[in-house]
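Me: I've got a model open here and I'd like to talk through the spot where the ligand sits. Can you help me see how the labels are earned?

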Amino acid sequence: MRDSCDAEVSAVTLSEAPNSQAGTLYVVATPIGNLDDIGVRALRVLREVALIAAEDTRHSQRLLQHFGIQTPLAACHEHNERDESGRFLARLQAGEDVALISDAGTPLVSDPGFHLVRQARAAGIRVVPVPGPCALIAALSAAGLPSDRFIFEGFLPARAAGRRARLELLKEESRTLIFYEAPHRILECLEDMQAVFGGGRQAVLARELTKTFETLKGAPLAELCAWVAADNNQQRGECVVLVAGWQAPEGEEALSAEALRVLDLLLAELPLKRATALAAEITGVRKNLLYQVALERKS
Ligand code: SAM
């Protein structure tokens, strides 16, 4: 499931009054590849709860079997989450603890769970995160792109027009951008990013994290596209794409139309140095930048 948090946010009022008789809903992160990444606390919780709500019970059964856990599983996925939440809430209200897991990583992050968590909180049920693997955080931690501020965009629209429109909106986003993408769309996605953000923008493809063929390739988008196009293996497996945020260019493009207009008027009447000094006073723009732009315009 991809977009689990898309609607009806305002319909539920979060309860401030805890229901002390009720059980706890644990939101448990599970490995994104390497099973050794499961947390000690996650294992204990999965062992001790009465029920595990899982995105795909067959998939999660293998995880539980690997760790010798016999807790019963019930499906909580994209198609039944809204309808089935009531069933899980009833168990919680009866005093049982329930764990929520997805196929991989942190539930609710491009995965099901939003409706259940929201309804549990609205019913005064304690919701406890059991943190652990998450592909976007793993990718960011090793990509070498600025990590102090970033935005997570989840999956881009599958169709080219929608994808490009979304990318256009992000063109001047200055924070590091993080996307999930399906392997069969990775090349067209990178090509659209190159077309919209420019081939020189730095990006990182983080593929098969924590698995045997883990790859982190950082390069300007044009180079990254060519590299992925030339090697089919790079179009397989699971991937995260990270793109460096937009940086205001030094020079003419960095000036507002008004600052440029003032500079041009003054340049027409005054020597270059005097024109830039006055333009700096009028517009508040750095003198050095105006001087550099003035030189470009004169030449
Ligand atoms: N809830 C998960 C999390 O916490 O990361 C994400 C689930 S989302 C349905 C699946 C997407 O996450 C994949 O298409 C891929 O973009 C990314 N992903 C999951 N595991 C990954 C891995 N081992 N390496 C790279 N990307 C991964």
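Me: Which pocket is the space taken by the ligand?

Reply: Keep in mind that this model is predicted. The ligand takes up the largest pocket.

Me: What makes Ala 104 a polar contact of the ligand?

Reply: The cut-off is a pair of N or O atoms within 3.5 Å. A backbone N or O atom of Ala 104 is 3.2 Å from a ligand nitrogen, so the pair counts. Val 109 passes too, with a polar backbone atom 2.9 Å from a nitrogen atom of the ligand. For Leu 209, a backbone N or O atom also lies 2.9 Å from a ligand nitrogen.

Me: How much of the ligand does the protein cover?

Reply: On its own, the ligand has 570 Å² of accessible area, and the protein covers 93% of that.

Me: Which elements give two or more residues to the shell around the ligand?

Reply: Those are β7 (176-181) and β10 (239-243). The shell holds 20 residues, with Tyr 180 and Cys 239 among the closest. By class, 12 are nonpolar, 3 polar and 5 charged.

Me: Why is the ligand said to lie between domain 1 and domain 2?

Reply: Because domain 1 (2-133) and domain 2 (136-243) both give residues to the shell, the ligand lies between them.

Note on methods. Residues numbered from 1 in each chain as written. Predicted model: local features only at pLDDT ≥ 70, side-chain atom pairs only at ≥ 80, totals over all residues. Heavy atoms only, no water. Near = heavy atom within 4 Å. Polar contact = N/O pair within 3.5 Å; in protein donor to acceptor, adjacent residues only side chain to side chain. Areas by Shrake-Rupley, 256 points an atom, 1.4 Å probe, with all protein chains shown as cover. 1 Å grid on protein atoms, 1.4 Å probe; cavity = no way out; pocket = protein on both sides within 12 Å on 5 of 7 lines; lining within 4 Å. Sits in = over half its atoms within 2 Å of the grid points. Helix = DSSP H or I, 4+ residues; strand = E, 2+ residues; numbered from the N terminus. Nonpolar A, V, L, I, M, F, W, Y, C, P; charged D, E, K, R; others polar. Domains from an automatic or database assignment.
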